[in-house]
Amino acid sequence: MPRDPEASDLIRFTIAWEHQDVTCPIGAVSRDWRNAGSADGLPIIQATFKMPDCGPGAPAQPPTPVA
């Protein structure tokens with residue numbers, strides 16, 4: 001599958017393990033956090049965002065620092 005040119009690299013997301021949320025590069029916080037498993041049986045985390053908040057075409061702005 002070709003890479004979406006508007007997609008962000010995972011390294012640009014911030015994971016707050018203790019709060020179980022993820023912040024995308026424009027500062028939106030995930031609305032859902034699920035523990036799941038991969039097809040190979042490995043543990044994975046699925047975090048979802050609302051498309052207007054963090055999808056293609058969302059306004060680019062730096063994340064707000066967390067105190």
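The following conversation asks why certain residues and spaces in this predicted model carry the labels they do.

Guide: Because this is a predicted model, local features need pLDDT of at least 70 and side-chain atom pairs count only at pLDDT 80 or more, while totals for chains, interfaces and linings use all residues. Residues are numbered from 1 along each chain as its sequence is written, and side-chain values use heavy atoms, leaving out hydrogens and water.

Visitor: Why does Thr-23 count as buried?

Guide: Buried means under 20% relative accessible area, exposed over 50% and partly exposed in between, with a 1.4 Å probe and protein chains only; Thr-23 has 15% relative accessibility, and therefore counts as buried.

Visitor: Why is Val-29 called partly exposed?

Guide: Val-29 has 46% relative accessibility, so it counts as partly exposed, and among its contacts (heavy atoms within 4.5 Å), leaving aside neighbours within four places in sequence, are Thr-23 and Phe-49.

Visitor: What makes up the largest nonpolar core?

Guide: A nonpolar core is a set of buried Ala, Val, Leu, Ile, Met, Phe, Trp, Tyr and Cys residues joined through side-chain atoms within 4.5 Å, and the largest one here has six residues, namely Val-22, Cys-24, Ile-26, Ala-28, Trp-33 and Phe-49.

Visitor: Which kinds of residue form the lining of the second largest pocket?

Guide: Ala, Val, Leu, Ile, Met, Phe, Trp, Tyr, Cys and Pro count as nonpolar, Asp, Glu, Lys and Arg as charged, and the others, Gly among them, as polar; by that rule the lining of the second largest pocket divides into nine nonpolar residues, one polar and no charged.
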